[in-house]
Amino acid sequence: MYKKQMKFQRIVCLLSIVASVLIFLYALGMMTDLYNMLYTMVPDPTDPGSAKVAGAMIYYDMQDFNRGLLRGSIGLILLSCLLFVTNTHSRRKYYIGNYCAVGLNVLANAVMAVWAHGQVAAYKNQYLTTVDFAQLERRLSRAGTYTDSTFWFDIHWFVLAVALVVAVLLILNVIWKKRLMKEETGLLEAGKAARA
């Protein structure tokens, strides 16, 4: 049973890094479509009245969130590495450092998912309700950079779901590990009692 659990915990620790890198890549790619469409539509970002298309300021409105998401994803990558530094991926018996590493990862993944989802949902709503797509299409039709796709807003469901699944798997791994450690301790005590 321990072999299956040890294999499972290795996989979960690797998935933790994969989920963190996925959020990092999402943060990098999220602004791509908006940049191609809206960057040139606001000649002076300090003056919202200079926008050539209504709602184009969303590109600049999202910068702080995107920066925070990028920094948060780097933090998640470092916390995922903490699982490997504390040997959570290979340790037969967990110690306080392992529990702390798992707890920090679970908390960070959950907080990141909830925070990012709230922000992305709000910005998607702003994008769909404030941007004048007809005017934007007229201005960008020659350049070929127009799209009314909300792909980057929608894909966040998958990206953040992966982070939440990893958090749940880390918790399940700890529960499984504690149960096995308790059983092993019981067997060792029974063996000592039989010898005495």
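What follows is a friendly exchange between two people about a predicted model.

Colleague: Let's begin with the inside. How many cavities of 30 Å³ or more are there?
Modeller: This is a predicted model, with confidence cut-offs applied to its local features. About 50 Å³ of space lies in the largest cavity. By the rule used here, the count of cavities of 30 Å³ or more comes to 1.

Colleague: Which element gives the largest share of the lining of that cavity?
Modeller: The lining is made up of Met30, Asp33, Leu34, Tyr127, Ser149, Thr150, Phe151, Trp152 and Phe153. Two elements give two or more residues to it, helix 2 (32–38) and helix 7 (151–154). The largest share, 3 residues, comes from helix 7.

Colleague: How many residues of that lining are nonpolar, how many polar and how many charged?
Modeller: Met30, Leu34 and Trp152 are among the lining residues, and Met, Leu and Trp count as nonpolar. Asp33 also lines the cavity, and Asp counts as charged. The full division is 6 nonpolar, 2 polar and 1 charged.

Colleague: Now to helix 6 (residues 133–140). Why are its buried residues on the same side?
Modeller: The buried residues in helix 6 are Phe133, Gln135, Leu136 and Leu140. They lie on the same side of helix 6 because the arc they cover around the axis is only 160°.

Colleague: Which helices are included in what covers the buried residues of helix 6?
Modeller: The residues to be covered are Phe133, Gln135, Leu136 and Leu140. Their cover includes helix 2 and helix 5 (96–130).

Colleague: And at the start of helix 6, which backbone nitrogen does a side-chain oxygen of Asp132 reach?
Modeller: Helix 6 takes in residues 133–140. The side-chain oxygen of Asp132 comes to within 3.4 Å of its partner at the start of this helix, and that partner is the backbone nitrogen of Ala134.

Colleague: Is Met112 buried or exposed?
Modeller: Met112 sits in helix 5. Leaving out residues up to four places away in sequence, Met112 touches Ile23, Leu69, Gly72, Ser73, Leu76 and Leu160. Its C-alpha is 10 Å from that of Gly75, a residue 37 places apart from Met112 in sequence. With a relative accessible area of 7%, under the 20% cut-off, Met112 is buried.

Colleague: Where is Asn87, and what is its phi near?
Modeller: Asn87 is in the loop between helix 4 (63–85) and helix 5. Asn87 is partly exposed, with a relative accessible area of 30%. Phi is positive here, in a residue other than glycine, and is near 60°.

Colleague: Thr86 is in that loop too. What is its relative accessible area?
Modeller: Thr86 is in the loop between helix 4 and helix 5. Beyond its neighbours within four places in sequence, Thr86 is in contact with Arg91, Gly97, Asn98 and Ala101. Thr86 counts as buried, and its relative accessible area is 16%.

Colleague: Which side chain makes a polar contact with the side chain of Gln9?
Modeller: Gln9 belongs to helix 1 (residues 2–29), and with a relative accessible area of 0% Gln9 is buried. Not counting residues up to four places away in sequence, Gln9 touches Thr88, His89, Ser90, Arg91, Tyr94, Asn173 and Lys177. The polar contact is 3.1 Å, and the side chain that joins Gln9 in it is that of Tyr94.

Colleague: What distance separates the C-alpha atoms of Leu172 and Val12?
Modeller: Leu172 is found in helix 8 (residues 156–195). Leu172 is partly exposed, with a relative accessible area of 43%. Along the chain Leu172 and Val12 are 160 residues apart, while their C-alpha atoms are separated by 9.9 Å.

Colleague: One more, please: which residues is Leu79 in contact with, leaving aside its neighbours within four places in sequence?
Modeller: Leu79 is found in helix 4 and, at 22% relative accessibility, counts as partly exposed. C-alpha to C-alpha, Leu79 is 9.7 Å from Asn109, with their places 30 residues apart in sequence. The contacts of Leu79 are with Leu104, Asn105 and Ala108.

Methods: Residues numbered from 1 in each chain as written. Predicted model: local features only at pLDDT ≥ 70, side-chain atom pairs only at ≥ 80, totals over all residues. Heavy atoms only, no water. 1 Å grid on protein atoms, 1.4 Å probe; cavity = no way out; pocket = protein on both sides within 12 Å on 5 of 7 lines; lining within 4 Å. Points joined across faces, edges and corners; volume = space filled by probe spheres on them. Helix = DSSP H or I, 4+ residues; strand = E, 2+ residues; numbered from the N terminus. Buried < 20%, exposed > 50% of the residue type's maximum accessible area, 1.4 Å probe, protein only. Arc of directions from axis to C-beta. Contact = heavy atoms within 4.5 Å. Polar contact = N/O pair within 3.5 Å; in protein donor to acceptor, adjacent residues only side chain to side chain.
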